[in-house]
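Subject: Structure handover and notes on local features

Dear colleague,

I am handing over the structure below, together with the notes I made while going through it. Please read them next to the coordinates and tell me where you would like more detail.

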Amino acid sequence: FARAAAEDKPIFLSIGYSACHWCHVMEHESFEDPETAALMNEHYINIKVDREERPDVDAIYMNAVQALTGSGGWPMSVFLMPDGRPFYGGTYFPKEPRYGMPSFRQVLTQLAAVYRENRGDVEENAARLTEAISGRLSLVKSDGAAAYDGALDIVFQGIAQTFEPEWGGFGTAPKFPPAMTIELLLRMAHRKGWQRALDMATFTLDKMMRGGMYDQLGGGFHRYSVDDRWLVPHFEKMLYDNALLMRAYLYGWQMTGSADYRRIVEEIAAYVRREMTSPEGGFYSTQDADSEGEEGKFFVWSEAELRAALAAEVNHLDAVLDYWAVEEGGNFEGHSILWVPDAPADVAERNNLSLEDLLAEVAKAREILFTLREQRVKPGRDEKILTAWNGLMIVSLAQAARALDDMQLLRMAMDAADFVVGHLMVDGRLRRSHKDGQAKFNAYLEDYAFLAEGLLELYQTTFDLRWFRQALALTEAMVELFWDEDAGFYDTSHDHEELVARPQDVTDNATPAGNSAAVAVLVRMAILANRPEWAARADRLLRHLARPIQGYPRAFGYLASQLDFVLSEPQEIALVGSLTEVGPLLAVVREGFRPNQVVALLDPDEPEAAELIPLLNDRPRVEGRATAYVCRNYACKLPVTDPEALRKQLQP
């Protein structure tokens, strides 16, 4: 910026990320082209930013590009004044003009001339655009009285109107996995008994897990489907998608008992353990869509390849290929993406096989093909370890570990938490990103909120107080660093570097908004730590955003789930006894889908728990036996020692 001011040159800012296909295309076509590079260096100061490391910069200039063009995406190409104010922007510009788009060199030349010759117009445009992207919430001006009553009924109607009944999901192609909307629907089905909500959620879960967007051989979901059938994905795999979808399938399993949903949870975890876990335990960010310069090459098959690989070992080869809908000519650029569009029972019937025999053959074929595929050149991997995305995966693994009683999943969650706390907490301040032994960038609201949420889930899985202490410290820091009495939570801390605007995103997009996750942490920690002022802050945000939640439910899926938590008057469960002693009671607490509860443990050998968690104060064991206290709004039912009595108390 200093150089731009000294040389009186505009700035060209390119924002992208490692797994972004068109980012790499523009990089190779233009940034690495000597003629284009010379033009860039002659007229501009050029900056590249990784949006995953600097979401604040990405958010500010994405708002600008959307204001200018009506849409956005990556690579994001923004032209700035030397002080950082944007005056023009777009996304991908080709090397040569095509499809009505000017070439990147044309854009560079024209804007350089405009900057030199029409500075007044450029200044005016930059001022107007900067003002447009500088909005914030105003809790002071809010009426503060937006009613909760009936809010989720309206939310449900809005979601139902966009449900796509043939293939599931919401809206039209391209289809992104709606993990947060599914969680909200399952919550509605659980608390309100709405069968339609359950049907929309499970239908979508079924279609997604059988689509090509799900890696039928190696587990894990690709980023999104370019069509409406979940068939052809954009092949990159993101840690955050798999964290949120693991959760959605876990909740689906808890609601329905579907063995397929449980299998998906376990396969996602296996994928993350195999491909996305660093030797130290932190989770990497993404896998690219491309390998050997071609999108999807690692994942697709020709029919000839499949037959050659399986003919010697698989007895019912045609039935197996029918199961994966392999057809002559393929379904993707002459190759086949494996998917399961028809119910396995129907495939078995038309191939004169029992379902058990078909699935056994498919399992054998899957193992053969996976082993063969492992010999291919793998897609590139972005080995940044991001605090926020690790927090998302820690939440999902901790919840899955206690629901499935799986110590391996718990170990993954604890190793990741140890890594993040040990390597990304520097001099008492959390950092955003870790790579090549270096932690850098001050953490953002989502980093604090997602990690605090993960550590809180780890506490409720293990009842190890170190996780609660760390979650409590992060929550206190989050409020201190990001909360503004007039505007709520900002995405950047009060002492963050000064940018042209202070970003504040309240909508849930590919990941929950930092504000939504902060509310999730506050409403739970307020109960456990007896901090009513935290509940009050969450309430102010929920009331202020209640109308937008109702008007745009799919843009506020995670925040609406926190509204459901509050409206449910969550159960506060205190268990008294050693972890071994409370085992039968804890098994009841963890039965089924119980999203609206918090759980704490008072081990008589660890009295400090009652000091840290006031919910545990004055909770004696009854007749020397393991005891459970079920409370709501700090009013408790009679203590119970019998699992069946506890089960009755926990009924809605």
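What follows goes through the disulfides, a small sheet, the cis peptide bonds and the residues with unusual backbone angles.

Please keep in mind throughout that this is a predicted model, and that every value below was computed from it.

I begin with the cysteines, where the count comes to two disulfides. If the bonded cysteines of the protein are numbered in sequence order, the pairing reads 1-2, 3-4, and in each case we are dealing with a covalent bond between the sulfur atoms of two cysteines. One of the two links joins C20 to C23, with an S to S distance of 2.2 Å, which falls within the 2.5 Å that the assignment of a disulfide requires. The torsion about the S-S bond of C20 and C23 is about 80°, and the disulfide is therefore right-handed. As for their surroundings, C20 has a relative accessible area of 4% and is buried, while C23, at 11%, also counts as buried, because the limit for that class is under 20%.

The other link is formed by C631 and C636, whose sulfur atoms lie 2.0 Å apart; with 90° about the S-S bond, this link is right-handed. Are C631 and C636 buried or exposed? The answer has to be given separately for each partner, since C631 is buried, with a relative accessible area of 1%, whereas C636 has a relative accessible area of 35% and is partly exposed.

Turning to the strands, I would draw your attention to an open sheet of three strands, which come in the order β7-β8-β11 and pair in an antiparallel manner. The strands at its edges are β7 (237–238) and β11 (381–382), each of which has a single partner strand, so that one side of each is left without a neighbour in the sheet. Strand β8, which covers residues 286–287, is joined to β11 by two bridges, and these strands run antiparallel; if you wish to check the register, Q287 stands opposite R381 in β11. In general, the strands of a sheet pair through backbone hydrogen bonds.

Which peptide bonds are cis? Among them is the bond that joins W74 and P75, with an omega of about 5°, and P75 has its place in the loop between α4 (55–69) and β3 (76–80). The peptide bond from A173 to P174 is cis as well, with omega near -5°, and P174 is found in the loop between α7 (151–161) and α8 (179–192).

Finally, there are residues other than glycine with a positive phi, including E333, for which phi is near 50°. E333 belongs to the loop between α13 (317–323) and α14 (344–350), and with a relative accessible area of 70% it is exposed. F441, which is not a glycine either, has a positive phi of about 70°, but its place is in strand β15, residues 438–442. With a relative accessible area of 28%, F441 is partly exposed.

With best regards

Terms used:
Residues numbered from 1 in each chain as written. Predicted model: local features only at pLDDT ≥ 70, side-chain atom pairs only at ≥ 80, totals over all residues. Heavy atoms only, no water. Pairing = 2+ DSSP bridges. Helix = DSSP H or I, 4+ residues; strand = E, 2+ residues; numbered from the N terminus. Buried < 20%, exposed > 50% of the residue type's maximum accessible area, 1.4 Å probe, protein only.
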